Amino acid sequence: MTSLSATPLFFSLSTLLALLVTGLAGAWLLTRRPTFATPIFLLLSLETLALTFSGLRGLLAGSDIRLVLPGGIPDLFIHLRQDPLASFFLLLLGGASTGVLLFSAGYTKDMATKRVAELLSRTTLFLFFTGGVFLADDAYSFMVFWEVMAVASFFLILSGDKTPEVRRAGYLTLLLAHGGSLLILASFALLSIRETPSSIVSLSSFSFEALSQSHLSPKGALLASLLFLLGFGAKAGLLPLHVWLPLAHPAAPTPASALLSGVMLKAAIYGLIRALFELVGLHQLASSFGILLMVTGAFMALFGILHAILQSAPKALLAYSSLENIGIILLGTGLGILYLKTGHPLPGTLALSAALFHALNHAFFKSLLFLGAGTMIHATGETNLNRMGGLLRHMPRSGTLVLLGVLSISGIPPTNGFASEWLLLQATLQARDLSGTIQRSSVLFGAAILVLASALAAMAFLKFFGVGYLGLPRSEGAKAAHECSLLEMLGMGWLALGSLLLGLLPGLVLKEVVKVVSPLTATSLTVPPEAYGWAWLLPLPPAGPSSSPLLLLALVGILTLPVFWLYWGTRRGKMRSAPPWGCGYRELSGRSQASAESFAQPIRHFFPVFFSMKRHLPTPEDPDPVFDLSVEDPHWPLLYRPLFRLFIALAEAAERVRSGRISVYLIYSFTTLIILLSVLRWH
Amino acid sequence: MTPSLLHPPTSPLVGFLGSALLLSSFAMLAMRRMGSLVRIFALQGILLTLSTLSVALAAKEPHLFFSALFTLAFKVLLLPFLLFRLLERLHIRGEVEVLLNVPTTMVAGLFVVVFSFALSAPISEMANTVSRGLIGVGLAALLLSFLMMITRRKAVTQVLGFLGMENALFFSAINATYGMPMVVELGVAFDVLVGTFVFGIFFFQIRETFESFDLKHMDNTPTE
């Protein structure tokens, strides 16, 4: 064994600690020297860059190191472990946050010092504890890291505008996160049950290694996996626990929304994969659970993207699109479980790898898009797409970067979004190997939904880019838009570069991701990771379909560049600008373009079941005709509001017990005492 | 009641003291004058001291002598002295006002005693002290003090009920396990003392605010 100080785990730990110290000391320093914001954020981004490389190094070396640190309580040690799965997610965390922190260095320039210090300290706390979640190797420290991460995310949301809506979104987030934590805790407890109960419960028995030795009945295993799904799902936006997500992500300040969407949702995915494959263990998972996960994921993807199309605020659109992407990742995970449980290790590994690959891709392009949405809002002072328009003219460089993100998230080849979704689709097409009709049809159903959701995603982002960046400006703010600062562009550029590389070299990525997945599945894979080439994406080696984005790009380049060159070569200097034909109108204004709502109208019309709509159509006799339409998530009127009403009714019923008289209270305690003693004696 | 439920105490003296304590609890429940209540509380302290001493002699547990000494100092001398001074300062002479009339309370108290003995039977089986038959007495005295807290209207009687409960707990501990560890006993004694001081301060505040000690002024019922 090499010395501890040379291991990736030690490096990751020291980077995370350095991050925490820099952030907290920086926040304190800021209150004295407000001009230090930019260098502090730059230093932080260097540290997250180091974290990225630490993750990458651990991943490439395939290292699996454990470390036990003494904790604060006797007999309770902090177990840490960096295995390929943890390395992969550290890489994700570092990669996405490097871009976000670089962006923050420019973004915070015009903000008040107090707000910057707030954002700085909360961001670093969030990053540190998320890193801890990935490294924790026992239930106790995992829960501590997980809970502090949840609280830090709550404060990240609250560092936005100080309005009641933001506070409400924050509290809803906190409520659902804590509910989820309780379920996770319950599942840990379930796994720690042993057949021979020992009177002295050793706290070290809560290490992940000990928990993974559980022997549960099939029902118990299903219960444990369902509890994990709901618990982590509450933080990942699993339907129907997702209501906080579309409220919270847009409410946070831009770098925070990027982190919440790009990183925190992935932490929940990490928790789910770690819990299902390592703690419950593949041998105890049921194939029906895989189907459940897959169908839920498919439904979530469709639901998320349909709502995304309907949003007019860019950040809300991105938040709903996160639901779609999480749905795709869950679909892949469920599909992987189904294949692995039915004895098809190759497509199973492929599906899981595609899910992890998509998680990495989503971290990059969704952070990029959130930052892009932030620059749009900042440049125009508007929060609605209907008040933007024509931004590409004023923000050509950041607009191009956003366009890259838009292409990636829409799954246009040769981007990374295409690579992972195509891999997942290839995995679904192996359904012919499955024997059961229900299994086969549900996989094909998932495949159909996946394709539909990708197409709808392209539509949603066509709206995002088309209404926001193209056409004529729709407000005074859009007319006066300005390009963002260099640092902001650098941050977005880093994320765009990451997306681009992931898209152009998917074979290399797949090779590494398969190394992450293989230990989890614990099934002998017939294909070594080396079989995956670097230029060619070959999901099912040695034969089967293949794709080479580099080749595609080269081909497209060879075909289009001469034409492009010819065109520009012959037209140079001969450009003239003339007013376009205005369809007979005297002048074209921003109001004569298709609005964000009109883009969404056909979707609203075709999929009415997914929305709860209130429409007021004025009659011809109405003297003051106003067309009014409000679209809402159907979970609010159908699930959450009745639930809230029920709780309030129960609380009011319980209130009657509270008479306010001391003697009555004493009688309550006396009666309780008597009853408890009787139960103890004659139970 | 089957005979097994009533273990004959090894020492007749301890048994006598135990029944005297139970009787004094009933007396507290029945007493109508405030001054007499404090006197009975002091009497309880003396009974407690004596029974601790006799258990100490019978079981040859030296640390119980210290407990007896502390009980004497705190519960026979200091606390009654403080309470009497409190009554004097606050000019409390009048009758104890009850929420439930005394005969009914006494009948309820009888049921409580029967319940306590039935409840403590298995504990007495398990305990290996010389006076294990008296655990039921301790429990009964505890619940009777609780009953007193419920049925009285004035704040001062509540405090006496609370102190009576502490006495009963102490008695049970002596008989079940030869007392709690010394540190715990000292701590509890000190707590009770501080509690009495705090109550005293509160009483002055309450009188200044409401001109009365009736609990109904402290009720949190905005509708009334």
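Me: What share of the contacts in chain B with a separation of 6 or more comes from residues 24 or more positions apart?

Reply: This is a predicted model: local features need pLDDT of at least 70, side-chain atom pairs count only at pLDDT 80 or more, and totals for chains, interfaces and linings use all residues. Residue numbers start from 1 along each chain as its sequence is written, while chains are lettered from A and ligands numbered from 1 in the order in which they are written. Two residues are in contact if their C-beta atoms, placed from the backbone, lie within 7 Å. For chain B, counting contacts with a separation of 6 or more, residues 24 or more positions apart account for 75%.

Me: How many helices does chain B have?

Reply: Helices (H or I, at least four residues) and strands (E, at least two) are DSSP runs, numbered from the N terminus. Chain B has 0 strands. Its elements run α-α-α-α-α-α-α from the N terminus on. The helix count is 7.

Me: What percentage of the residues in chain B are buried?

Reply: A residue is buried if 20 or more other C-beta atoms lie within 10 Å of its own, exposed if 12 or fewer, and partly exposed in between, with C-beta atoms placed from the backbone. Chain B has 224 residues. Its buried share is 40%.

Me: Why does chain A count as being as compact as a globular protein of its length, and what is its radius of gyration?

Reply: Chain A comes to 24 helices and 4 strands. The globule rule (2.2 Å times the number of residues to the power 0.38, for a radius of gyration over C-alpha atoms) gives 26 Å for its 683 residues. Chain A is as compact as a globular protein of that length because its own radius is close to that, at 27 Å.

Me: What does the C-alpha trace of chain A span along its principal axes?

Reply: Of the 683 residues in chain A, 49% count as buried. Among its contacts between residues at least 6 apart in sequence, 80% join residues at least 24 apart. The trace spans about 100 × 70 × 65 Å.

Me: How far apart are the centres of domain 1 and domain 2 of chain A?

Reply: The bounds come from an automatic or database domain assignment. Chain A is divided into domain 1 (292–529) and domain 2 (632–682). Taken over C-alpha atoms, the two centres are separated by 46 Å.

Me: Which helix gives the largest share of the largest nonpolar core?

Reply: A nonpolar core is a set of buried Ala, Val, Leu, Ile, Met, Phe, Trp, Tyr and Cys residues joined through C-beta atoms within 7 Å. The largest has 199 residues, and A:I157, A:A301, A:I305 and A:L356 have the most contacts inside it. The largest share, 20 residues, comes from residues 345–380 of chain A, helix 13. Apart from this core lies another of 48 residues, including B:L48 and B:L160, but the helix asked for is helix 13.

Me: Why does A:A105 count as buried, and how many C-beta neighbours does it have inside 10 Å?

Reply: A:A105 lies in helix 3 of chain A. Beyond four places in sequence, its contacts are A:T38, A:F41, A:L42, A:S45 and A:L487. A:A105 counts as buried because its C-beta neighbours inside 10 Å number 24.

Me: How far apart are the end C-alpha atoms of helix 3 of chain A?

Reply: All 24 of the 24 residues in helix 3 of chain A are buried. The expected span is 1.5 Å times one less than the number of residues. For residues 84–107 that should be 34 Å, and the end atoms agree, at 34 Å.

Me: How many residues of helix 16 of chain A are buried?

Reply: Helix 16 covers residues 416–428 and reaches 19 Å from first C-alpha to last, close to the 18 Å expected. Its buried residues include A:F418, A:W422 and A:L424. Of its 13 residues, the buried ones number 12.

Me: Which residue does a cis peptide bond join to A:P413?

Reply: Most peptide bonds are trans. This cis bond has omega of about 5°. The partner lies in the loop between helix 15 (396–409) and helix 16 of chain A. The partner is A:P414.

Me: Which residue in strand 4 of chain A stands opposite A:H616?

Reply: Two strands pair if DSSP finds at least two bridges between them. Strand 3 (residues 612–616) and strand 4 of chain A pair in the antiparallel sense over 5 bridges. Strand 4 (residues 628–632) is hardly covered, with 0 of its 5 residues buried. Opposite A:H616 stands A:D628.
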